[in-house]
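Ready for a few exercises? Have a look at the two chains first, then work through the solutions step by step.

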Amino acid sequence: MAQASFPTREEVDFVIVGSGAAGGIMARELSTAGFSVVVLEQGPHLQPGDFRHDEWSYTQNEELVWGSRKGHPQTFRRYEHEKAELVDGAPLGYAHNVGGSSVHFSGNFWRLHPIDFNEASVRGTIAGTNFADWPITYDELEPYYTKVDWEIGVSGLAGPWDPPRSRDYPCPPMPVKSAGVLLERAGKAMGYTPFPAPVAILSKPFNGRPACVHCGFCNGFGCEVAAKSSTAVTMIPQALATGNCELRTGCTVARVNTNENGRASEVVYWEEDGTEQAQKAKAVVLCANGAETPRLLFLSASAQFPDGLANSSGMVGKNLMFNGSSNAAGLFPEEINGHKSIATTRVIHDFYSIDPKHGFYGGGGIDSRSLTRGLPMASAMRGGTFSGLSWGSEFKRGLAQEFTHTASFNGHCTTLPLSTNNVTLDPEVKDKWGRPALRTTFMNHPDDIATMKFFLDISMEMLDAVGAIKKVGSYARDGQTGGVHLLGTCRMGNDPATSVVDRYNRSHDVPNLFMVDGGSMVTSGRGQPTMTIMALAFRAADHIIQAAGRNEI
Amino acid sequence: MNDIQLSRRAFLRQTGIAARNSLIVLSLPAIMSSSAAASEAMLENSAFKILGSEEAREFAAIAARIIPTDETPGATEAGVIYFIDNVLGTSRPEALEPMRAGLASLQASAQSTYGSASFSALTPEQQDALLVSIEETEFFGTMRYMTIAGMFSLPEYGGNRDYAGWKLIGFEHKHVWSPPFGFYDADYMARGE
């Protein structure tokens, strides 16, 4: 069936803002259920054939992830008393295209574990933070994790390392890479339980899409054979095929308007040429990610909602979390060739919860990677990892050695939710549309930093255990300055006084407004949040469809 | 293990390109001198879009110290200066004036230190000494950024000619790979781990 086309002045059932990990799923689920849906996406609709192995363009010229060069500046500061400075690039990184960041992500698909949902009860709250239980349990979300596995396409191996699952993975694990072998051998030598990384990349043909060809341009690039399970090649085509969904690309949302009853009534946006439009809708679903969704709520402030739409709790934009990380790079005597195939093939989760006797809160996992994503330019830009040099003949010789012979063991870990870490509107800097720029205020809790160091230390020991000739480690000892996992800024909860959306992603304040993206997450998980964002989207869609059927939206 | 030995061994062992690399190493002096001469000729004859030929020669000389020509091709053979000229006219126009100002300052240092305002005319040792003295400046950072970008980007942007940058580090531009990808996963399969 042809893509639907709706007049802006006639009310559609749903307007969805954003077509990424969550938006793509909402579009597919709601249109399949028979509702009329308009999806607004600020970027283009790229096809697999559009993607190129062009490091200059993708990593240096904001091909997918827009920042100042594309008219979308962002500012950053550590603390709220400081003036935020304009930053080159995008401290809050996300792709601007149909499929959102699921197009250029590395596809690591960790589920959360049961402990992630009730850790504050089990571990105890932490003074000075907003560390809290989720309003839902792992068991409630599990059917939707399984739905993601099978609807989106995930490769992996079920086993004791996994949280409980009701069904096996649809695709077997991806072939192990050399860095994965080293992580597995090191992990086993140290008594840990390494396991094949679950990834949203097809190891065999599935649902009409081909298997990965191991081209190596995965993280930061789009998949040219559609083997990476982005919503652009899974959910969006299915949504459009229903005939109930219209995808409008190049459309930047200005605000959500509300009527006299305090209900969302229309979404105002600009087309690429600057023409202003307003789409009327019975309900609005914001899937614009943990940065853009709170920004849009602030931009939608009105006399009725002076602190921003859906912000009676004051929690919109607050509790910004990334995932912590550490990087231990080892030089090995034989070839690793990290530039081939996917980002990571082995993981250990033996330190999912760090023993409290260490004196700080945290947990995470370690996976095997290539340094600087196996990218030639990035590898050289970084400077000689082991030579410590940045130019000249010795620097050059070092590069020739380390590009093919380096493996990296990367920690991915918790960060705590703090009110003082947040997304707000910059009072001075504007974007190309004249909207206040995204302003990030962020400084890690000391436990985040201790956790990153913990994972670096283990990773360095693992490099020794498996015979690295040289090793270099790093983590954000002075705090992170940005991230790509944009979490917590519209947190989910049962209490309207302390959360933005309810347990089904519905705004506590505006009954026909839903926020579905990483912002819903109450805690950060240990890393790789997209799997959870997608599961939450499937779950929210189920409940929205049921509520609409009962005329309760 | 000695790093340089490792490097050379690694260089020779690149799967699939060992023969080509060996050839380069064995016939290095001839290739080096001919490609250097060819690069010199290119510099003389090519019309730059943004840069004047005089300043292009100077920027190219700086790039040639950042990634020198030694036992393998460097920024000169990769045509990094053409990448720089290209992006100054496309995605990096804002870099042009700071680069010109930085060059003028570097030339002033060359004049006062060595009695010649031409950086490119200095010996490599003199050039390196001057560059070490400006290593922390934004100008040097820009030149390093431009040189590396030009060395390792797609050749369609003007640099990385004959894939000189990619060959240097053992990167092959292919769209399809199949396992084994490296030594350790081949070994893992062979052992049935």
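**Exercise 1: around one phenylalanine**

Find the residues that F152(B) touches, leaving aside its neighbours within four places in sequence.

Solution. Contact here means heavy atoms within 4.5 Å. Start with chain A: F152(B) is in contact with E55(A), P376(A), M377(A), A380(A) and L399(A). Then turn to chain B, where the list is I67(B), N160(B), G165(B), W166(B), L168(B) and I169(B).

A note on the model: it is predicted, so local features need pLDDT of at least 70 and side-chain atom pairs count only at pLDDT 80 or more, while totals for chains, interfaces and linings use all residues. Residues are numbered from 1 along each chain as its sequence is written, chains are lettered from A in the order in which they are written, and side-chain values use heavy atoms, with hydrogens and water left out.

**Exercise 2: the interface**

Work out how many residues each chain brings to the contact.

Solution. Chain A gives 55 residues and chain B gives 60 residues. Next, the buried area (accessible area, 1.4 Å probe, lost on putting two parts together, summed over both) comes to about 5100 Å², with 57% from carbon and sulfur atoms. On chain A's side, W56(A), W391(A) and K396(A) supply 18% of what that chain buries against chain B, more than any other three residues.

**Exercise 3: charged pairs**

Count the salt bridges between chain A and chain B.

Solution. Look for a side-chain nitrogen of Lys or Arg within 4 Å of a carboxyl oxygen of Asp or Glu. You should get seven. One salt bridge joins the side chains of R52(A) and E156(B), at 3.2 Å, N to O.
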